[in-house]
Amino acid sequence: MNPARNLFLIGPTGAGKTTVGRRLAGHYGLPFVDLDQEIERHCGVSVATIFELEGETGFRRRERALLDACTQRAPVVLATGAGAVLDAANRRHLAERGFVLWLDVDVERQLERLAHDRHRPLLAAGDRRARLAAMAEARTPLYRETADLAVAAGEADVAATAAHCIELLERHWQRASVAA
Ligand SMILES: Nc1ncnc2c1ncn2[C@@H]1O[C@H](COP(=O)(O)OP(=O)(O)O)[C@@H](O)[C@H]1O
Ligand SMILES: O=C(O)C1=C[C@@H](OP(=O)(O)O)[C@@H](O)[C@H](O)C1
Ligand SMILES: [Mg+2]
C-alpha cells in the first residue's frame, strides 16, 4: 500500500486522470477528488466559463488555491488538470504531500480521445494537434520533475489502464519498502 497517504494524478489532457483516478480511488477505498470539478463546485460555474470571464490567469489563480487546499486533505486520490504543474508552488505541494503518478499519452491518442470533447477551453480554437504538441513540449519536463512514477496510459480501455496502474504502483511500493 501507498506509504504516503495521498495519491495525486498528473499528466496531459485526455490521459485519463479523471476517469482512471476515480477507479484507483474505488480500488483503494479512498475518497476521490477531481480538481477541475472542485473548482467548478467552488465557483458555481464551469471551467469553460471561468476561462471566458477571467481568462487563463483567473483560472490558474483558482486552481492554485484549491490545489493547496485539496493536497492537504488526507487520505485522498486527487486528479489534477493537465496544466496544474505549470506553477512551481503546485509542483512543490504535489511532490511534498503525496505520491505523484504521471499518466502519459501521446498526441495521437489525445486527439482520438478528445475528438468530440468541447469542455477543454485551451483546445477550443485553432489547430488541436499543434496546441497539444506545444503543451507536451512545455509540460513533459514538469511532469517528469514532479512524478514519483510514470505509467504509459495509452491503452484502449479504462479498466485495463487502471489495472496496469495498480500493478505498477504495488510493485513500486513493494520495492520501496524492501529498500527501506
Ligand atoms: N485508458 C483509456 N482508454 C480509453 N479511453 C480513455 C482512457 N482513459 C481516458 N479515456 C477517455 O478519454 C477521455 C478523457 O479522459 P479524462 O479522464 O477526462 O482525461 P484527463 O482527466 O486526463 O483529461 C474520456 O472520454 C475517457 O473516458
Ligand atoms: O491543459 C490544461 O491546462 C487544462 C486541462 C484541463 O484538465 P484535464 O487535464 O482534465 O483536461 C482543465 O484543468 C483546464 O481546461 C486546463
Ligand atoms: Mg480531467
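The shell around ligand 1 is a mixed bunch: six of its residues are nonpolar, six are polar and four are charged. The structure here is a predicted model, and in it 16 residues surround this ligand. The closest of them are Gly16, Lys17, Thr18, Thr19 and Thr161. Two elements give two or more residues to this shell, namely helix H1, which covers residues 17-28, and helix H7, which covers residues 158-179. Of the contributions to the shell, the one from H1 is the largest, at four residues.

Ligand 2 has its own set of neighbours. Around it sit Thr13, Lys17, Thr18, Asp36 and Val47, along with Gly81, Ala82, Gly83, Arg120, Pro121 and Leu122. Sorted by class, that shell comes out as four nonpolar, four polar and three charged residues. Lys17 and Thr18 are worth a second look here, since they are among the closest residues to ligand 1 and also turn up in the list for ligand 2.

Some of these names come up again in the UniProt record. In an unreviewed entry, UniProt lists Gly14, Ala15, Gly16, Lys17, Thr18, Thr19 and Arg120 under "binding site". Three of these residues can be looked at one by one.

Take Gly14 to begin with. This residue lies in the loop between strand E1 (6-10) and H1. Is Gly14 buried or exposed? Gly14 has 24 other C-beta atoms within 10 Å, and it counts as buried because the cut-off for that is 20 or more. Setting aside neighbours within four places in sequence, Gly14 is in contact with Val105, Gln110, Arg113 and Leu114.

Thr18, which the unreviewed UniProt entry covers with its "binding site" annotation, is part of helix H1. With 18 other C-beta atoms within 10 Å, Thr18 is partly exposed. Once neighbours within four places in sequence are left out, its contacts are Asp34 and Ala79. Thr19 is found in helix H1 as well. It has 17 other C-beta atoms within 10 Å, so Thr19 is partly exposed too.

Moving on to how helices pack, two pairs can be described. One pair is helix H2 (residues 35-43) and helix H3 (residues 47-70), whose axes come within 9 Å and cross at roughly 110°. That angle makes H2 roughly perpendicular to H3. On the H2 side, the contact is made by Leu35, Asp36, Glu38, Ile39, Glu40, His42 and Cys43. H3 brings in Val47, Ile50, Arg62, Glu63, Leu66, Leu67 and Cys70. Taken by class, the residues of this contact are eight nonpolar, one polar and five charged. Asp36 of H2 and Val47 of H3 take part in this contact, and both names also appear among the residues around ligand 2.

The other pair is helix H4 (residues 88-97) and helix H6 (residues 128-146). Their axes come within 10 Å and cross at roughly 30°. H4 and H6 are therefore roughly parallel to each other, as angles under 35 degrees count that way. Arg91, Leu94 and Ala95 make the contact from H4, while Leu142, Glu145 and Thr146 make it from H6. In terms of class, this contact has three nonpolar residues, one polar residue and two charged ones.

Definitions and conventions:
Residues are numbered from 1 along each chain as its sequence is written. Chains are lettered from A and ligands numbered from 1 in the order in which they are written. This is a predicted model: local features need pLDDT of at least 70, side-chain atom pairs count only at pLDDT 80 or more; totals for chains, interfaces and linings use all residues. A residue is near a molecule or strand if its C-beta atom, placed from the backbone, lies within 6 Å of it. Ala, Val, Leu, Ile, Met, Phe, Trp, Tyr, Cys and Pro count as nonpolar, Asp, Glu, Lys and Arg as charged, and the others, Gly among them, as polar. Axes are lines fitted to C-alpha atoms, for helices over the stretch in contact, and angles run from 0 to 180 degrees between N-to-C directions. Angles under 35 degrees count as roughly parallel, over 145 as roughly antiparallel, 65 to 115 as roughly perpendicular and the rest as oblique. Two residues are in contact if their C-beta atoms, placed from the backbone, lie within 7 Å. UniProt positions are given in the numbering used here, feature names are shortened, and annotations may be inferred rather than shown by experiment. A residue is buried if 20 or more other C-beta atoms lie within 10 Å of its own, exposed if 12 or fewer, and partly exposed in between; C-beta atoms are placed from the backbone.
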